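Here are my notes for when you have the model open. Have a look at the sequence and the fold first, then go through the points in order.

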Amino acid sequence: MTEPHAPASASACALAPSSSADGCWQNLRLAPDMFEAGQAVGDGEDACIVVQQGRVAWVGPQQALPPAYAALPRHDGQGMLATPGLVDCHTHLVYGGERANEFAMRLDGASYEEVARAGGGIVSSVRATREASEDELFAQALPRLQQLLDEGVCAIEIKSGYGLALEHERKQLRVARRLGQALGVTVRTTFLGAHALPPEYAGRSQDYIDLVAGTMLPALAAEGLVDAVDVFCERIAFSLAETEQVFQAARRLGVPVKLHAEQLSNMEGAALAARYGALSCDHIEHLSESGITAMRGAGSVAVLLPGAYYTLRDTHMPPIAGLRAAGVPMAVSTDHNPGTSPCLSLLLMANMACTLFRLTVPEALAGITRHAARALGLQDEHGLIAAGRPAHFVLWPVRHAAELAYWFGSKPDCTIVRQGRIVRTRGQGSH
């Protein structure tokens, strides 16, 4: 997928044009382990990021700035901490309606499965999404995405899965593409047609999977709307055999796969996904040792979603120690969705990953930058400040990197460079 460009229609864009970030960004501090290897900068030492034609040309100590860059325009970083742009690698951002009533039901004791069986859950969002036009879905999703971007997100995944019919899945994916163009952000689209069984296919799960694998996925892939394929593999969703059928169709089309795996029970979905070289396995609260081993062998990223864990008041933690010991990279994401994680703050998720899942601060920050980029197949473009990469970075008004996971409930007044352009300036907001 290429970086999106400005929309052809002015009505599609909610922001004024941003300004070029080209020049020498000086008076910075670089967050540890988030910049180009070999350009070591001591704690508290002035650092510099050189941007030319929208790409990082050089990173390192100010005193070592090559003479070739000495005459470039200067941007004063005001001593702020520089990190790569954040990456939100698992969201369901495009949908109709909301599900606050289900939140109340769960507080009264209903389980996730009980809510679904009562006609709530994913199917309730399907009804609202089908009733909404493409323009209405775009208008609803736009402020959600903008809130994430204002906190430093520079790349995001947006899944379908609330249409569950070709025309409505297409509608969601088209909106996701439009959002990337309108706001100048890297959007990876994931086809999640196998998210739930639509009402019209009640009792006919195999017929629906045949439709997803044989008709919907090929059509949407041919239209350039699919960057990856996902399945909800769970007792209340789809079986291992049905999941594999979708994965086989994806393999024939050359589309990478991901999986909602082991959220409510151990279905051994992660091991299946690993056999297909999955980019990531997500949720994974009930992941087994064999699943961890399979993910390690396949290089799949474990995507932790503490927002859903928190909202569902789960008590079964993902096997963090096992993942850590095996060296499986751990990403952290909002899982923004209307039912189980209506969260619009990736920094809050970093905090929850530390407090609920016991990640260290370096693990949490890697989880919302380089490991999240890898979970989307974007490791060569996002997640690290390095020469030759597109300029995606954030300047934070904090003294220590730990503060990014420490503070919660407030939005840092940061400066954001995304796709080589200054899209937000400290003290002035979004451009």
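The points below go through the sheet, the helices on it, the helix pairs and a hairpin.

1. Ground rules. This is a predicted model, where local features need pLDDT of at least 70 and side-chain atom pairs count only at pLDDT 80 or more, while totals for chains, interfaces and linings use all residues. Residues are numbered from 1 along each chain as its sequence is written, and side-chain values use heavy atoms, with hydrogens and water left out. Helices (H or I, at least four residues) and strands (E, at least two) are DSSP runs, numbered from the N terminus.

2. The open sheet. Its 4 strands come in the order β7-β8-β9-β10, with parallel pairing; two strands pair if DSSP finds at least two bridges between them. The edges are β7 (86-88) and β10 (228-231), each of which pairs on one side only. On average, neighbouring strands of this sheet are turned by 20 degrees against each other, direction ignored.

3. Pairing inside that sheet. Strand β8 (residues 153-159) is joined to strand β9 (residues 186-194) by 5 bridges, and the two run parallel. To find the register, look for K159, which stands opposite T190 in β9. On to the next pair: β9 and β10 are parallel too, over 3 bridges, and here A194 sits opposite V231 in β10.

4. How covered are the strands? For β9, 9 of its 9 residues are buried, where buried means under 20% relative accessible area, exposed over 50% and partly exposed in between (1.4 Å probe, protein chains only). In β10, A228 and D230 point one way and V229 and V231 the other way, and all are buried.

5. Helices on the sheet. Helix α5 packs on the sheet by touching β8 and β9, and its direction makes about 170 degrees with that of β9. Helix α6 lies across β9 and β10, running at about 150 degrees to β9. Contact means heavy atoms within 4.5 Å. Axes are lines fitted to C-alpha atoms, for helices over the stretch in contact, and angles run from 0 to 180 degrees between N-to-C directions.

6. α4 with α5. The axes of helix α4 (residues 134-149) and helix α5 (residues 166-183) come within 9 Å and cross at roughly 45 degrees. α4 and α5 are therefore oblique to each other: angles under 35 degrees count as roughly parallel, over 145 as roughly antiparallel, 65 to 115 as roughly perpendicular and the rest as oblique. Their crossing is right-handed, in the sense that the near helix is turned clockwise from the far one by less than a right angle (anticlockwise would be left-handed). The α4 side of the contact includes L137, F138, A141 and L145, and the α5 side includes R174, V175, R178 and L179. By class, that contact has 10 nonpolar, 1 polar and 5 charged residues. Ala, Val, Leu, Ile, Met, Phe, Trp, Tyr, Cys and Pro count as nonpolar, Asp, Glu, Lys and Arg as charged, and the others, Gly among them, as polar.

7. α5 with α6. These two pack at an angle of about 35 degrees, with their axes 10 Å apart, and the crossing is right-handed. L166, E169, R170 and L173 of α5 meet M216, A219 and L220 of α6. The split is 5 nonpolar, no polar and 2 charged.

8. α6 with α7. Helix α6 (residues 205-222) and helix α7 (residues 240-253) have axes 10 Å apart and an angle of about 20 degrees, which makes α6 roughly parallel to α7. This crossing is right-handed. Residues making the contact include I209, V212, A213 and L217 of α6, along with V246, A249, A250 and L253 of α7. The contact counts 10 nonpolar, 3 polar and 2 charged residues.

9. α3. Which residues of helix α3 (residues 122-131) are buried? They are I122, S124, S125, V126 and T129. The partners they pack against are α1 (100-107), α2 (112-117), α4 and α5.

10. The β3-β4 hairpin. Strand β3 (residues 47-52) runs antiparallel to β4, joined by 6 bridges, and V50 is opposite W58 in β4. The hairpin has 2 residues between the strands, and Q53 takes a positive phi near 50 degrees. As for strand β4 (residues 55-61), 5 of its 7 residues are buried, so it is largely enclosed by the rest of the structure.
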